[in-house]
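Colleague: Hi, could you put the model up on screen? I'd like to go through it with you.

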Amino acid sequence: MMVSEKTNPAVDSITGRGIPVRGNDIDTDQIIPARYMKVVTFEGLGQYAFYDVRFKEDGSQKPHPFNESRYQGAGILLVNRNFGCGSSREHAPQALQKAGIQAVVGESFAEIFAGNCTAMGVPAVTLSSQDMLQLMETVEQEPTTEIHLDLRSNTLTAARQSFTFSLPPAYRNSLIAGTWDSTSVLLDNLEQIHQTAARLPYVDGFAAGV
Amino acid sequence: MSKNLFNKVWDLHKVTTLDSGQDQLFIGLHMIHEVTSPQAFQMIRERGLTVLYPNRTFATVDHIVPTADQQRPFADALAEEMMRAIEQNTAQYGIEFFGLHTDYQGIVHIIGPELGITQPGMTIACGDSHTSTHGAFGAIAFGIGTSQIRDVLATQCMAISRPKVRRIEVSGQLARGVYAKDIILKIIADLGVNGGLGHAYEYGGETIHDLSMEGRMTICNMSIEGGARVGYVNPDQKTFDYLQGRRYAPQGDAFDEAVDFWNSIASGPDAQYDDVFHLDANTLEPMVTWGINPGQAIRVTEQTPSISSLKPEHREVAEKAYTHMDFAEGDTVKGKKINVAFLGSCTNARISDLREAAALVKGKRVHADVKAFVVPGSKQVARQAEKEGLARVFADAGFQWRGAGCSMCLAMNPDKLQGREICASSSNRNFVGRQGSPTGRTLLMSPAMVAAAAISGEVVDVREFMREPVAV
């Protein structure tokens, strides 16, 4: 049963400058502190990205790539291991996206974070530690370096260097097909949803067999 | 070789395979709270969609709820706005809402089980990473983001890839003063905060079998802190006994039907796993964190690690941790002065946790330099604790007795650390800034260890504390 024809823009390539945020195990509380989640919309979250690691309590700046003018306008976030661990808050990738981030490249991602990114059309792709280090150094030395991600070939190019990245095939497929916003895809199977519910004994309170 | 519980439940709930290669999984129970759901309701409204199975979604409020003064409107206008949003959304779509006006409000992962809404063999989703808690009942429970909440509201399904399943086999007897919290902190310390990436954890073995349902919930709760989105325990007689008679559990003949189903989904003795990890519980000691993630945990008697002894990939975070905590390598956490003792959270604010802590503080006084408070996990826990006289024991000892909520676990409410305060906490995360002060410090430990620290004014070994004579 076709409920909706709505598809999203295909995300098959992204081009932009990079912004390296070094460190392993950067949790979503660091990406957006909980106090900025007291909102009923995701609008305006961009200003709070990495807030407590960017600003002291008196509002003055701490050293952080998001405060550096040379990285302003960058669209590709470069990170290390287990980025986005902890809380499931989608506010974290939403804040990054609203701060201009269109893709995240890292050594590894927490599972919920990577799922949230994909559901927003933001690819979260992984490189080996060695490649990641090289890419970060390249961008730190030359922040104007243009990075290009091609999701069809799993290739990242930056300043004549080429890297092969990994992206779970299902995420890759849904980004390329423009079905990363999964609601309409799931609703297309409405009959099967009801059939599945009907075979689960708890859905009717175990009444059927009584 | 037979299927494990995870794969049985997955297959039962699989609607179809999507073009992307992901499975479309039916979600049998959806729980929502005020922080991560309003944007999802907004999205379904904008698309002209509705809630497909409103009777399979339950709502409560926990994150932003003040635990001291719960009068409406809340003093915090933003919190009040979030409160109104969930009231309006649940009313508009006919979703059962356990608000502050009911007898059943509480932390979402505490009320699901205590109301019997959480049951074995279900798929469960909630916009909260500690949803893994519900796995203690033999359900497979996923923490999800807001876009997925939108999917579950509109379709009662998620698009998701099947993870691997790791069996975590725990054998041996826990010594006195050692608890479920210590088991899970040890597992995370051993396997790492990202060791569970791409895996569901099945916890089993005689030690897990012997735990109460509350203890099993504590373990499953912190699966995500080890990188595993899902953690579960196979259901057994203890599970069924816990559920029988609860408000939303099947009643009468339907309960017997349910038990047959629940037994049928458990992993058999010859079930297959992608890998197995063994832990010996006989040698466990009380655990405490020294750093800024839950994997940075050691035995309370142990020295903090030297950075050079750590694996290279752990050194950078260890350096950050020592700087933030202002601790030295080779120091012990035991003996560290504390400013705050927090007994609460979805990890450890159930009645058994409060009983254990109350027994330790009875007849004693909170140290003069410590602000101590107890935040029961739900109104039902609070009522039970008041009935048993535990609330009185805590109050007499100098603890503040609060209303139910997430409180200082994540400080989205008035309960926050101030400045550089150090908190002995029964919660689940010691991330920088987690408890509301960007410079505040958190030491994770069991509720008994928190109680002992509150009285002593510093981190102590609860096993020694238990041996001290009661002050007259």
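Colleague: How many salt bridges are there over all chains?

Modeller: The count comes to 33 over all chains, taking a salt bridge as a side-chain nitrogen of Lys or Arg within 4 Å of a carboxyl oxygen of Asp or Glu. Bear in mind that this is a predicted model: local features need pLDDT of at least 70, side-chain atom pairs count only at pLDDT 80 or more, and totals for chains, interfaces and linings use all residues. Side-chain values use heavy atoms, with hydrogens and water left out, residues are numbered from 1 along each chain as its sequence is written, and chains are lettered from A and ligands numbered from 1 in the order in which they are written.

Colleague: Which residue does A:Glu140 pair with?

Modeller: A:Glu140 forms a salt bridge with A:Arg22, at 2.8 Å from N to O.

Colleague: And where do those two sit in chain A?

Modeller: A:Glu140 is in helix α5 (residues 129–141), while A:Arg22 is in the loop between β1 (13–20) and α1, so the pair ties together parts that are 118 residues apart in sequence. Helices (H or I, at least four residues) and strands (E, at least two) are DSSP runs, numbered from the N terminus.

Colleague: On to the interface. How many salt bridges are there between chain A and chain B?

Modeller: Four. In one of them, B:Arg150 meets A:Asp181, with the closest N and O atoms 2.9 Å apart. There are also 25 residue pairs in polar contact between the chains, both residues at pLDDT 80 or more. A polar contact is a pair of N or O atoms within 3.5 Å; within protein, one must be able to donate a hydrogen and the other to accept it, and residues adjacent in sequence count only if both atoms are side-chain atoms.

Colleague: Which helix of chain A gives the most to the side that touches chain B?

Modeller: That is α8(A), with seven residues. The residues on that side of chain A divide into 25 nonpolar, 20 polar and 13 charged. Here Ala, Val, Leu, Ile, Met, Phe, Trp, Tyr, Cys and Pro count as nonpolar, Asp, Glu, Lys and Arg as charged, and the others, Gly among them, as polar.

Colleague: How much area do chain A and chain B bury between them?

Modeller: About 5600 Å², 59% of it on carbon and sulfur atoms. Buried area is the accessible area (1.4 Å probe) that two parts lose on being put together, summed over both.

Colleague: Let's switch to pockets. What is the volume of the second largest one?

Modeller: About 710 Å³. Of its 29 lining residues, the closest to the centre are A:Gln30, A:Asp52, A:Val53, A:Lys62 and B:Val432. A pocket is an open set of points on a 1 Å grid over the protein atoms alone, with protein on both sides within 12 Å along at least five of seven lines; a cavity is a set where a 1.4 Å probe fits but cannot get out, and lining residues have an atom within 4 Å of a point. Grid points are joined across faces, edges and corners, and a volume is the space filled by probe spheres set on the points.

Colleague: Which element supplies the largest share of that pocket's lining?

Modeller: α11(B), with three residues. By class, the pocket lining has 13 nonpolar, seven polar and nine charged residues.

Colleague: And how many cavities of 30 Å³ or more are there?

Modeller: Six in the whole structure. The largest cavity holds about 200 Å³ of space, and among its 23 lining residues B:His63, B:Asp128, B:His130, B:Leu410 and B:Arg434 lie nearest its centre.
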